[in-house]
Amino acid sequence: MATLQSFRLLGTSLLLGFLAGAPVCAADLVVIVSARSPVAALRADQVAAIFLGQSVRFPDGTEAVPFDLRLGVPMRDEFYARVTNKTPALLKAHWSKMVFTGRGQPPAELPDSAAVRRKVADDPEAIGYIERSALDGSVRAVLVVQ
Amino acid sequence: MTSPSERRRPRWLGRALETYFALPLFAVLPLLAIWVATFHFIETERRAAVDAAHDAVREQLDTYEAQVARNLNAIDQTLKVIKYSVELNGTHAALPTLRAEELLPPGLVFQVSVADRDGAIVDSNPAMPPLDVSRTPYFTVHANGTGHGVFVSQTVGDTARSEPHLHFTRRIEDGYGRFAGVAIVEVDPAYFTSSYERSRAGELGLLALVGSDGVARAMRIGDRMSWGQPIALDGIQEEALAPHPTAPDGIERYAGARRLSGFPLTAVVGLADSEQMAQYEQHYGTYLVGATAASSLLVAVVAMISAWSWQVAKARRRERQAQQTYAAASEASPDAFFVLRSVTGADGAIVDFLVEGSNSRAELFTGIANEALRGQLLGDALPYYRTNGMWEHLVQVVLEQRVIEAEWQATSGPTAGRWLQRQIVPVDGGAVAMVRDITERKLAEDRIRHMAHHDELTGLPNRSLIRDRLDQAVRNAQRNGGHLALAFVDLDGFKLVNDGLGHNAGDELLKVVGCRMQACLRRTDTLGRLGGDEFVILLPDAGESPLALTPVLEKIRQAVTEPVQIGDQAVRVSCSMGVVVYPRDGDDPKTLMMNADAAMYRAKDLGSNNFQFYTREMNASVEEKLVLLEDMRRALDATLADDACEATDGAAPAAPAPAGRFYLLYQPKVDLRTGRLFGVEALIRWRHPDHGIVPPMRFIGLAEESGLIVGLGEWVVRTACRQAQLWRAAGLDPLTVSVNVSARQFEEKRLVERIAGALRDSGLPPCALDLEVTESLLMRDLNQAIERMRELKEMGVTLSIDDFGTGYSSLSALKSFPISTLKIDKSFVRDLASSSDDQAIALAVISLGHRMHLRVIAEGVETVEQRDFLLANDCDEMQGYLFSPPVPAERITEMLQAQQRQPRDVTPLGALAVS
């Protein structure tokens, strides 16, 4: 448990480090929640669970409503590739099963990062992903996608 | 011992009930049970697996059907919504409106599109480039038909996307009910089989959506997606008990199909037999393995137990055999067996013995039956075992673990008086005592010992026992300072009886004489037989003076001379006894015996039938005798050598012999009437250089004892013959020469030969030779004597009886002797002048002789009176000092010559006699 804590600490510090001021890549993605959301930080696997419909809540119990970018947007594919380690085909298969068996629906799609940001900012339950450069004060980054 | 019930049971049954036989038989049951149970479980499990498969198929079919139904309904719903939206908002605004309302299905999965009446896709979500679908069945069916149902297309690719899709379409109508287009929902066929879960359907499970045309819209087997195959739906029955091969791969599956209501579709679920039964198969394998293991274990255990039991049975059989062998051996054994277990008291010391077993001979010894004896304490059953030493020995054997043997004479019980031998051997926890009756052996031992020490014929102690007793007596006398006497007794005349009446008679005589002598002795005296006719008497505690012994010795002597009745004859013998006294006549047994022997010989010499006490001189005479004998031998050798020399050289030898020499003297025999010398008696003399002339009385007896007489006698005969022949050859008056022949010579086989030889060699006519034999000699061995005498008579030799009247002879025997002359013994002649008895005897002999046509000659005539008497009474011849003593041959020659000068008819007797 101690190692987990230290890992978390490491992760957070790294995240902060990253956020603090190392020169950033433009393709950097961040997972955001509303600034009003109590969620402070999320692990990649937690984010993946939410976005794959396996979990409908944040770790603290509040409802989570994921928002995707539109199908075919490269940032979307990259996000899923990095966070869930799934190709689009795999994602399709996954969601086919989820929809077929009635276990869930894919996240709603939004046109671009700005829309996502707007949506997330408005909804404390929303969670989405944008490029880092699109960050602003209305949303909080809870994960930097590696 | 087998009990009666066991004996009744037939042997095969007995063998059968042996564990090693019965157990395997019985073990077959559990073995069967194991396998029956196993197969039962297997069958149960199989059926359960089959049922489970059926259930799984049913359940999954239910689920799949529901899922498909729901999805189909949702798709239909979407189609209806799209249609409504188109009708409401027109073809271009239909989808965006729906999108805004979030009424569109997720674009990730579904492609919704609207086609106008011309078949051109006017809108789609997700966006798609424009496409012409006017030729597609899913368009044409609506365009050309009027159906208001959902069309489900086959899974085909189209120009927009190469991958095949399923198209669900509905007809859109305008306000006037005219065909206005088609609402399309496209979906990957994989969508309809996306609920396939490996955990429920395995690798070979089948999930398929089949159209009512029999063509599969979507099929998934494991991970492989396929579509478009024809599927025979009627073959698939939900409740089919057995799996059947399902297309397209032909794998046997439990399968079920459900027609979906409202749609021309059937949901198909199949579960591979192999996978459903996999666990069963595994369990089947496991069960079999388990059953095999259990069986093997059972078989192994049973085998081990059987083997062990068989070994035990074998051992038991062997033990039984050993017991039988033991029982047989112990029953047959001449020994009594007692198997005893030691019983210890509170302090651990042995207090008694428990009889565990005994054999039949033990019954005889103890008088108690085996069954009664078994289990009893030895102290209770045979209390005397504590007193006869057995108890101590038993304890010793058990404590010291060694074997003890002992002999004893029983004093109580059935074996009282018998000699017994016991051998006690230690065994585990006790001992085994073996008792043997050795009475016979003891008796035999005693007999042998007796035989070793006693003479068989008479039962008297033999030489070795006598010797022992003598040693003992000498020791006692030494210790106590007492005296003992030893007497050697030799029977006289025994040989006569033995030869005359047979050996049986001789044995009988010995026994009787022995008894008589024994009767004269005290209990402490010992009479023994040394052998032959020699006895010995040991008188311990004799007085010092020999005179004290005289009465008993005289008694013995008299007892011996009493006549003995042998069969129908009465025989008489006498004894010569030599007596010694310890310590006077010797201080050790050997010396005593030697001196007793010497004394006995002296007694014999003195004429037998007397006893002589030992004197020192007697020994001397024995030694002397031996020396004399030796001298005699040498003298004879010298004499013979001289004769041989004379014969070859013709001259007398020069050197005198050291032992002297024998020579002959001749005593003239004169015819009483004519006074003429008609014969001579040859008499042997011995001139010893040291002792001078040795009288014949001394050496003749010795010669006869030693057998030297044979050689000596032959020399005498030869010399006499030669001499007589010399006289004849000289032309002198022919003389007969008489030679004394002793009994010993007569007994010699070749006597006749020797005499014949002497006559032959000398050339003397046989009628010139006369043999004088003593009366007593003849009586010793009548038959042989008569035979030899006859042979000699036939040769021409004459025979005379010497010393007639002094010996023991029967007149009837006399007439059977071929004799020619009787010689009256000198003892009768001596007192002729004074004794009328002697006169009578002489007269009788003369008369007897004449009547028997024998010549009678008187010996030892020394006085004229004697001669006159004899002449007056018709005696024929005389011999004696009156005429001439024995003289050398030369003197005879002179006499003969003088006689020749004298006229025949007148012979003054005195003229010839030369003193």
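**Notes on the predicted two-chain model**

1. A good place to begin is chain B, where B:V339 has B:V432 as its bridge partner in β16(B). Please keep in mind throughout that this is a predicted model. The pair belongs to strand β12 (residues 336-344) and strand β16 (residues 430-437) of chain B, which run antiparallel and are joined by six bridges.

2. β12(B) also pairs with strand β13 (residues 350-358) of chain B, again in the antiparallel sense, over seven bridges. Here B:L340 is the residue to look for, as it stands opposite B:V355 in β13(B). The hairpin of β12(B) and β13(B) has five residues between the strands, and within this hairpin B:G348 adopts a positive phi near 90°.

3. Further along chain B there is an open sheet of five strands, ordered β18-β19-β17-β22-β23, with mixed pairing. Which strands sit at its edges? They are β18 (526-531) and β23 (610-613) of chain B, each of which pairs on one side only. With direction ignored, neighbouring strands of this sheet are turned by 20° against each other on average.

4. Within that sheet, strand β17 (residues 484-492) and strand β19 (residues 534-540) of chain B run antiparallel, with seven bridges between them. For a point of reference on screen, try B:L486, whose bridge partner in β19(B) is B:L538. Helix α17 (residues 550-561) of chain B lies across β17, β19, β22 (574-582) and β23 of chain B, and runs at about 160° to β22(B).

5. A helix pair in chain B deserves a look too. The axes of helix α15 (residues 494-501) and helix α16 (residues 503-519) of chain B come within 6 Å and cross at roughly 140°. From α15(B), the contact is made by B:F494, B:V497, B:N498 and B:L501, while α16(B) brings B:H503, B:A505, B:G506, B:L509 and B:L510. Sorted by class, this contact of α15(B) with α16(B) has six nonpolar residues, three polar ones and no charged ones.

6. Now to chain A, where five strands form an open sheet in the order β3-β2-β4-β1-β5, with mixed pairing. Its edge strands are β3 (108-110) and β5 (139-145) of chain A, since each pairs on one side only. From one strand to the next, the twist averages 35°.

7. In the chain A sheet, strand β1 (residues 29-34) and strand β4 (residues 126-131) run antiparallel and are joined by five bridges. A:I32 stands opposite A:G128 in β4(A). Helix α3 (residues 74-83) of chain A packs on the sheet, where it touches β1, β2 (65-69), β3, β4 and β5 of chain A, and its direction makes about 110° with that of β4(A). A second helix to check is α5 (residues 113-122) of chain A, which lies across β1, β2, β3, β4 and β5 of chain A and runs at about 150° to β4(A).

8. On salt bridges, a search of the whole structure finds 63 over all chains. One example worth displaying is formed by the side chains of B:D174 and B:R117, at 3.6 Å from N to O. This pair links distant parts of the chain, 57 residues apart: B:D174 lies in the loop between β4 (166-173) and β5 (179-187) of chain B, and B:R117 in the loop between β1 (110-116) and β2 (121-125) of chain B.

9. Next, the interface. How much area do chain B and chain A bury between them? The value is about 1400 Å², with 64% of it on carbon and sulfur atoms. The contact takes 19 residues from chain B and 15 residues from chain A.

10. What joins the two chains in polar terms? Across the interface of chain B and chain A there are three salt bridges. In one salt bridge, the side chains of A:R103 and B:E197 meet at 3.3 Å, N to O. The interface of chain B and chain A also has eight residue pairs in polar contact, both residues being at pLDDT 80 or more.

11. Which elements of chain B give two or more residues to the side that touches chain A? They are α3 (19-100) and α5 (189-192) of chain B. Of these, α3(B) supplies the largest share, six residues. By class, the residues of the side of chain B that touches chain A divide into 10 nonpolar, five polar and four charged.

Technical notes. Residues numbered from 1 in each chain as written. Chains lettered and ligands numbered in written order. Predicted model: local features only at pLDDT ≥ 70, side-chain atom pairs only at ≥ 80, totals over all residues. Heavy atoms only, no water. Contact = heavy atoms within 4.5 Å. Buried area = accessible area lost by both parts, 1.4 Å probe. Salt bridge = Lys/Arg side-chain N within 4 Å of Asp/Glu carboxyl O. Polar contact = N/O pair within 3.5 Å; in protein donor to acceptor, adjacent residues only side chain to side chain. Helix = DSSP H or I, 4+ residues; strand = E, 2+ residues; numbered from the N terminus. Nonpolar A, V, L, I, M, F, W, Y, C, P; charged D, E, K, R; others polar. Pairing = 2+ DSSP bridges. Axes fitted to C-alpha atoms, helices over the stretch in contact; angles between N-to-C directions.
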